[in-house]
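Trainee: Could we go through the labels used for this model and ask what justifies each of them?

Mentor: Yes, let us take the terms one at a time and set each value against its cut-off.

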Amino acid sequence: MNETTDRLLMAEALALARAALGITAPNPAVGCVIASGDRIVGRGATQPGGRPHAEVVALANAGEAARGATAYVTLEPCAHHGRTPPCADALIAAGVVRVVVAHAHDPDPRVQGRGIARLRAAGLQVETGLMAEEAAAILAGFVKSVTQGLPWVTLKLGVTLDGCIATRTGESRWITGPAARGVVQQMRAEHDAILVGIGTVLADDPGLRCGLPGLGDRPRWRVVADSQLRTPLGSQIVRAARTHALILLASPDAPAETARLLREAGVTILHTQTEPSGRIDLVAALKRLSEIGLTSILSEGGGRMAGALLRAGLVDRLAWHRAPLLLGDGGLPAIEGLGVERLADAFRLRLLSRQEYAEDVLETYELLTPPPEREIGAEPVSAVSSGTSA
């Protein structure tokens, strides 16, 4: 097989994996293509909830055509018995003779190279590393949850040129235009959950759902940092809680009767550690969310939530949607409470991409290693957000 064909077929597997983002947690979103020569005979992606795996779906789709074929997989095939037999064994049994793997190291302790070793021991030709960077971007949430016990966090902000997310009176709909908001909807679909603070809920009564056709069931979870359970029973997110999962992060001393009424409405109350101020400790809260299976979170809170996540060292990507507007010193700042007094203490970022949507610009940044005093858990964080929208 020539390199150009391999890349085209792996690109197809990556597209399948990307389309499964947001629905496979706690398992990774994986894509698999089975090809006979340059002809695709089977396709598969990890199914909702994480089962069955991509390889099993693709092999079932290929049937007998898998014998003598090549499998293109975005992550090392599993080698352990869980609810289903190992995917490495399934590939061997199907008669696949060659496996091309993009991300060659599954960090799950039950795998960690065993899948590839099993394939090679059975005589299959295994090649690794093709389009590994693209695969790693798709797998980032899964990898972080396994290796750090925390979900991957994308901080999304819709701002004016002078860094404001709302006017003095709190008006924020809409700072960015329709094209940019469409990009945000896709981001919602690709994350396991949306996170906001109670301030956003009280100010905007958001639905926190993806508005793209056919994706209205995403994201699978909505999460609100609400230490004293002030989320109204009549709010959009509570009314939809039975069909669109809602988690409220609450203090252990939150009103018990309110918690009972919210649970009766279908809401999950997750009591978690708080700061001395009584606000939710976001580090502890996100660890709890990782424990229950969330691997990626899109934060759409306001300036206080943004500042709290950054101070806690929890942000992996910053999605900075910038509109050609100016609000001046009366506008509400996009990020509050960083407490930076010296340039040496500034938060450093690296630009990953820049895209234009009509008049708006989306810049995506990677957070570089924070100063030592800002390591995760180094200081209390605030989980209250200003009510804003992009």
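Mentor: Contact here means heavy atoms within 4.5 Å. This is a predicted model, and in it Ala88, Asp89, Leu91 and Ile92 of helix H3 meet Gly115, Arg118 and Leu119 of helix H4. By class, the contact of H3 with H4 has 4 nonpolar, 1 polar and 2 charged residues.

Trainee: Why is H3 called roughly parallel to H4?

Mentor: The axes of H3 and H4, the latter spanning residues 114–121, come within 9 Å and cross at roughly 20 degrees. Angles under 35 degrees count as roughly parallel, and therefore H3 is roughly parallel to H4. The handedness is a separate label, and the crossing of H3 and H4 is right-handed.

Trainee: What makes H2 roughly parallel to H3?

Mentor: Helix H2, residues 54–62, packs against helix H3, residues 87–94, at an angle of about 20 degrees, with their axes 9 Å apart. Set against the limit of 35 degrees, that angle makes H2 roughly parallel to H3. In this pair, H2 passes H3 in a left-handed crossing.

Trainee: Which residues in H2 and H3 meet?

Mentor: Glu55, Val56 and Leu59 in H2 meet Cys87, Ala90, Leu91 and Ala94 in H3. By class, this contact of H2 with H3 has 6 nonpolar, no polar and 1 charged residues.

Trainee: How do you know how many disulfides the whole structure has?

Mentor: A search of the whole structure finds 0 disulfides. Take Cys32 as a case, for which the nearest cysteine sulfur, that of Cys87, is 8.5 Å away. A disulfide needs a pair of cysteine sulfur atoms within 2.5 Å, and Cys32 is accordingly in no disulfide.

Trainee: Why are Cys32 and Cys164 called buried?

Mentor: Buried means under 20% relative accessible area. Cys32 has a relative accessible area of 0%, so the label buried applies, and Cys164, with a relative accessible area of 3%, is therefore buried as well.

Trainee: What makes helix H11 mostly covered?

Mentor: The same burial term is used for H11, which covers residues 303–311, and 8 of its 9 residues are buried. Those buried in H11 are Gly303, Met305, Ala306, Gly307, Ala308, Leu309, Leu310 and Arg311.

Trainee: Which residue just after H11 takes a positive phi?

Mentor: That residue is Gly313, whose phi is about 70 degrees.

Note on methods. Residues are numbered from 1 along each chain as its sequence is written. This is a predicted model: local features need pLDDT of at least 70, side-chain atom pairs count only at pLDDT 80 or more; totals for chains, interfaces and linings use all residues. Side-chain values use heavy atoms; hydrogens and water are left out. Axes are lines fitted to C-alpha atoms, for helices over the stretch in contact, and angles run from 0 to 180 degrees between N-to-C directions. Helices (H or I, at least four residues) and strands (E, at least two) are DSSP runs, numbered from the N terminus. Angles under 35 degrees count as roughly parallel, over 145 as roughly antiparallel, 65 to 115 as roughly perpendicular and the rest as oblique. A crossing is left-handed if the near helix is turned anticlockwise from the far one by less than a right angle, and right-handed if clockwise. Ala, Val, Leu, Ile, Met, Phe, Trp, Tyr, Cys and Pro count as nonpolar, Asp, Glu, Lys and Arg as charged, and the others, Gly among them, as polar. Buried means under 20% relative accessible area, exposed over 50%, partly exposed in between (1.4 Å probe, protein chains only).
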